[in-house]
Structure formats: C-alpha cells, structure tokens
Amino acid sequence: MKIQTTPEMPSQPRPIIIIGAGGIVNDAHLPAYAIAGFPVAGIYDIDPAKAQHTAERFGIPTVFKSITDLLPYLPGKALIDLAVPGSAIIEVLKQLPDGTAVLMQKPMGNNYEEAKAILDICREKKLTGAVNFQLRYAPFINAARHIIEQGGIGELIDIEVNVNVYMPWHLWKFLYGLPRVEILYHSIHYVDLVRSFFGNPGSVYARTVKHPAMDDLASVRTNIIMEYEGYRRAAIHTNHCHRFGLRNQQSYVWLEGTKGAIKITMGTLKDYPKGTPDAFEYISLEGDCAGQWQTLDIQGSWFPHAFIGSMAQLQRAAEGSITAPGNSVEDAIHTMACVEAAYRSSEKGGEKII
Ligand SMILES: NC(=O)c1ccc[n+]([C@@H]2O[C@H](COP(=O)([O-])OP(=O)(O)OC[C@H]3O[C@@H](n4cnc5c(N)ncnc54)[C@H](O)[C@@H]3O)[C@@H](O)[C@H]2O)c1
C-alpha cells in the first residue's frame, strides 16, 4: 500500500500577507511556508516592532504600517493570513475588501456567538474564509486518512485522543482571566479532527475541570464524548497537569477499524515545548503483514508541517482548484458548535444517580 503523507498543493501559490506577528506565526506559520515554498509578501502587526522583527527574521520584503496600506494588494493578488487573538478577528475582517481570501487562526472567536458573527461577515463580504484547524492536515493524519481511504483498517469505528502531559500554559499570557481555556484553545483541535473523519456528531457529552496547581486558569482537564449513530465511538481525554516527568506522559490518537488499527503518538506535546519524536504504528488483519504491527517513518510533524495543509487549502480554493477549502468557515462553524455544546454539557452535569 502506498501511503501519502503530504497534502494536496496549489499549482501557483499566491503571495501571503500576514496580519499578526506573534508566537504562532514565528514558530509555525512562517517555518511551514518556507518548507512549502509559499511566498510571503508582507506583514503587519499593531505592534510595529514585532512586525519588523519577524520580517527581518524571515526575510519578508514589506512591513505595513496599517491595514489600509496593505489593501491595494487585495483581493485577487494576495491572500491574508490572520493570526491575531480570537477576539480581534472580527475587527480585522471588517476592514478587508469584499472577495478577499483569508485564513484566520483558531479559535473562530471566543464562543459560538462570535463564530456566527465571523461567518456572517464572511458571507456578507463574500470572503473565501478558512480557519486554521491544521491538525487534520498533519503529515501523520494525512497518512492515517490515506490508509483508511484505501480500506487498510476496514470501516473506521473508533477514535480516541488521549493527552496526559504537562502544558506550560504560562507561555500564553492571554489565557489568564479567560472564561474558557482547555476545550476552546486545545481540545478544539481534536474535536475538529474527529469531525474530519466522522462528520458532525448528533450530540456531545463533556466534563471540563480546573486543577489546583493551575487555579488562575479556567478548566484545563477535559473529557469529551462525541456521539454518533451505530458503531462509531469518539472520545477525547486531556490532562495538561502531569507534573511527574516524561516517563508516563502520553499523547496519542487511536483510530480503530473493523479490520485494523492505527496508533499515532504525537510527540510534540510531551516534554513541551521541546517535544519528543512522533511514532506511527498500524496493523491490519488482512494482507501481506496480517496481524503484525508495522511502523511508518513520517517526515514532518504537527508543528510546523500541518500548517502547510491549512494554507494549501486556502490557496487551492483561491486558484479555483477546489470550490471551497476543507477548513472553510462554513465547516469550522460546526467545530465551534461542538465546543459550545461541550461547555453546555459540562455545566449541566451528567445523569443523576437515582
Ligand atoms: N495550533 C494552533 O493552531 C495555535 C497555536 C498557538 C496559538 N494559536 C492561535 O493563534 C492566535 C495568536 O496566538 P499567538 O500565540 O501567536 O499570540 P501572540 O499574542 O503571540 O500574537 C498575537 C499577535 O497579534 C497582534 N495583534 C493583536 N491584535 C491585532 C490587530 N487588531 N491587528 C494586528 N495585529 C494584532 C499582537 O500584537 C501580537 O503580536 C490565537 O488566537 C491563538 O489561539 C493557534
């Protein structure tokens, strides 16, 4: 079986203009675009020093002084990569000309209300809007999807994401004081990943709780069950408060089918931000290697390589190779709806015992 790990690419990538020169742009967006060969034409940040610093670091030719300065390049000529906090997305979208193609960072607003407002603006202004839910395009997920599409594990009936790590949340100062942290900023990737395989669930059960050692943050540990009909099961378990060394940290995606299974160890999240190697293991009950676990050596990881796939989708939609990005706002709104349902479920609590 031939296994593809790379995403579908645009034939003629357009120049990218970045708005927001923060951590994720420096750590993931720009390194990914350099690997992919996506041209970056300019950058803007409300903090000019950050824009200047990032431009120098990555050789970006133009630093814009305002959003107005970059408008002549839109729409049609360049794409916008918007990497500002969720609460600033709407004010920026309002300033973009109709028809602009824009990839915005997740989350799509702070809650479902804001997500709907973002969707409405995109519809009104006919923006080609996409959300940077990039885990679904990570090389190890591309590989898993390709195996599944070829029938390698039969019918996919079980998805489990299990993360038990120490997350240095203090790296993201903006999280302190927010009413929502873990699901909105982290498990949202897994909710989106499950949706990318199973589609929209009928309902969601969840419980998300705080941790005494991280009391100045909203909830940081979560269990989510996404409910599907028939044999399908999807569960997400995250604990970001494992302070007991690397030995028993774990971080994996388990995909089980009727004829086989795939286990993806996401090394990035262990010993964060240093990370550990990923691992990709799979087994089939049929074929030449029936009943034997095999490993696949995959080039690239979640950070930064998955960010190639989310931008490639926008590029391909902008050039007309596909009608809409797979990570379009029209799709992403359903991930936001699941997140909202998860918070509602957690507040409501479970079924009372008698
Ligand atoms: N895996 C992922 O997809 C991932 C990982 C980390 C962060 N993020 C998301 O990316 C976004 C940014 O995160 P970060 O870690 O880079 O934060 P950051 O605070 O390091 O950077 C945000 C930048 O946006 C700038 N900014 C704010 N408002 C602006 C505006 N109106 N116009 C122009 N620039 C503006 C700030 O000056 C800052 O430089 C957040 O929404 C976060 O959730 C996603």
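**Exercise 1. Look at the hairpin of β9 and β10: how many residues lie between the two strands, and which turn residue has a positive phi?**

Step 1. Strands β9 and β10 form a hairpin with five residues between them. Strands here are DSSP runs marked E of at least two residues, helices are runs marked H or I of at least four, and both are numbered from the N terminus.

Step 2. In the turn, Gly-230 has a positive phi of about 70°.

Step 3. β9 and β10 (residues 233-239) run antiparallel and are joined by seven bridges. Two strands count as paired if DSSP finds at least two bridges between them. Ile-225 has Ala-235 in β10 as its bridge partner.

A note before going on: this is a predicted model, in which local features need pLDDT of at least 70 and side-chain atom pairs count only at pLDDT 80 or more, while totals for chains, interfaces and linings use all residues. Residues are numbered from 1 along each chain as its sequence is written, and side-chain values use heavy atoms, with hydrogens and water left out.

**Exercise 2. Which side chains of β9 are buried, and which point to the other face?**

Step 1. Buried means under 20% relative accessible area, exposed means over 50%, and partly exposed is in between (1.4 Å probe, protein chains only).

Step 2. Walk along β9 (residues 221-227): Thr-222, Ile-224 and Met-226 point to one face and are buried. Arg-221, Asn-223, Ile-225 and Glu-227 point to the other face and are not buried.

Step 3. This fits a general pattern: in a regular strand the side chains alternate between the two faces of the sheet.

**Exercise 3. Place β9 in its sheet: what is the strand order, and which strands stand at the edges?**

Step 1. The open sheet has eight strands in the order β8-β9-β10-β7-β11-β12-β13-β14, with mixed pairing.

Step 2. Its edge strands are β8 (203-209) and β14 (294-295), each pairing on one side only.

Step 3. Start from β8: seven bridges join β8 to β9, and the two run antiparallel. Thr-208 has Thr-222 in β9 as its bridge partner.

Step 4. Now go to the other edge, where two bridges join β13 (residues 279-284) to β14 in the antiparallel sense. Tyr-282 is matched there with Gln-294.

**Exercise 4. Find Lys-263: in which strand does Lys-263 sit, and what does Lys-263 touch?**

Step 1. Lys-263 is part of strand β12 (residues 260-265).

Step 2. With 27% relative accessibility, Lys-263 counts as partly exposed.

Step 3. Tyr-252 is eleven residues away from Lys-263 in sequence, and their C-alpha atoms are 6.8 Å apart.

Step 4. Contact means heavy atoms within 4.5 Å. Neighbours within four places in sequence aside, the contacts of Lys-263 include Tyr-252, Trp-254, Phe-280 and Trp-293.

**Exercise 5. Turn to the six-stranded sheet: in what order do its strands lie?**

Step 1. The order in this open sheet is β3-β2-β1-β4-β5-β6, and the pairing is parallel.

Step 2. β3 (62-63) and β6 (128-131) each have a single partner strand, so one side of each is left without a neighbour in the sheet.

Step 3. β1 (residues 16-19) pairs with β4 (residues 79-82) over four bridges, and Ile-17 is partnered with Ile-80. β1 also pairs with β2 over four bridges, with Ile-19 matched to Tyr-44.

Step 4. Four of the five residues in β2 (residues 40-44) are buried.

**Exercise 6. Which residues come nearest to the ligand, and how much of the ligand is buried by the protein?**

Step 1. Of the 28 residues around the ligand (a heavy atom within 4 Å), Gly-23, Ile-24, Asp-45, Lys-50 and Gln-134 come nearest.

Step 2. Next, look for polar contacts, which are pairs of N or O atoms within 3.5 Å; within protein, one must be able to donate a hydrogen and the other to accept it, and residues adjacent in sequence count only if both atoms are side-chain atoms. A polar backbone atom of Gly-23 is 2.9 Å from a ligand oxygen. A ligand nitrogen is 3.3 Å from a side-chain N or O atom of Glu-91. For Lys-106, a backbone N or O atom lies 3.1 Å from a ligand oxygen.

Step 3. Alone, the ligand exposes 840 Å², and the protein buries 86% of that. Such areas come from the Shrake-Rupley method with a 1.4 Å probe; for residues, only the protein chains shown count as cover.
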